[in-house]
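Welcome! Take a moment to look over the structure below, and then we will walk through a few of its parts together.

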Amino acid sequence: MNDFHIIKGAVSEQTCKVIAKAFRITRDGVLFPHHDNKVRGDDIVENSFSWYSPISFEALADQVVKDIVEKMTGDKLYNSYSYGRSSYHGAVLPRHRDRAASDYAVSCLVDTDCTWPLYFKIDGEEVEIRQEIGDMVIYNGNIIEHWREPFEGTEQLSAFMFYVKDKMREFEGRPLQGMPYNPQWDPNTIQHTLENLRAAHGVTNP
Ligand SMILES: [Fe+2]
């Protein structure tokens, strides 16, 4: 059985304003030193600016959201990572599942000037969610397919927070929250690489 929960007003409007400002400070601080006015996007959404584990989202994931997700799912959880994305006019989120380090994913709408529906495929049915600022959706990120059609507004800012059930996978192997991702530390990547290596040798045991 998949977990899928919608929490209206989970994060206050005031908190959303503060973390939106913090994220935009990060964006401008990252782009300004390089005079970088190109919109480069990330691997998933082309017309966007994104940042892995922005500090304000790491703090939110740790201090407020984890308690809510643990209560809703009944599981003891560990922070995996957070992610922020400002999506611009015309941005599309293709159908995808999140990576392995996403036993539970949280998508929180932080700011927008236009409703941008989020779709999920649950038990073969397409479900459309229309979030208001501060609303959270909790779902099994690495199992449930999700996507968005082209964005018709100017800018939409989302905070994504991810949790795992296994302490060995906490922080994706990073020694501290807020640090950049490093695949050499990531227990999920290490496991995947080991499985491929053993398969190439025709063995399965460690
Ligand atoms: Fe996703």
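In what order do the 4 strands of the open sheet stand? The order is β4-β9-β6-β7, with antiparallel pairing. Keep in mind as you look that this is a predicted model.

At the edges of the sheet you will find β4 (93-96) and β7 (125-129). Each has a single partner strand, so one side of each is left without a neighbour in the sheet. On average, neighbouring strands of this sheet are turned by 25 degrees against each other, direction ignored.

Let's stay with β4 for a moment. The strand β9 (residues 146-148) runs antiparallel to β4, and 2 bridges join them. Here His-96 stands opposite His-146 in β9.

Now turn to helix α1, which spans residues 13-31 and has 19 residues. From its first C-alpha to its last, α1 reaches 27 Å, close to the 27 Å expected at 1.5 Å a residue. Its residues include both buried and exposed ones, listed here:

| Group in α1 | Residues |
|---|---|
| Buried | Ile-19, Ala-20, Phe-23 |
| Exposed | Gln-14, Lys-21, Ile-25, Asp-28, Gly-29 |

Why are Ile-19, Ala-20 and Phe-23, the buried residues of α1, on the same side of the helix? They cover an arc of only 110 degrees around the axis, which puts them on the same side of α1. The exposed residues in the table are on the other side of α1.

And what covers the buried residues of α1? The cover includes helix α2 (55-73) together with the strands β3 (78-88), β5 (104-112) and β10 (155-164).

Notes: Residues are numbered from 1 along each chain as its sequence is written. This is a predicted model: local features need pLDDT of at least 70, side-chain atom pairs count only at pLDDT 80 or more; totals for chains, interfaces and linings use all residues. The expected span of a helix is 1.5 Å times one less than its number of residues. A residue is buried if 20 or more other C-beta atoms lie within 10 Å of its own, exposed if 12 or fewer, and partly exposed in between; C-beta atoms are placed from the backbone. The arc is that of the directions from the helix axis to the C-beta atoms. Two residues are in contact if their C-beta atoms, placed from the backbone, lie within 7 Å. Two strands pair if DSSP finds at least two bridges between them. Axes are lines fitted to C-alpha atoms, for helices over the stretch in contact, and angles run from 0 to 180 degrees between N-to-C directions.
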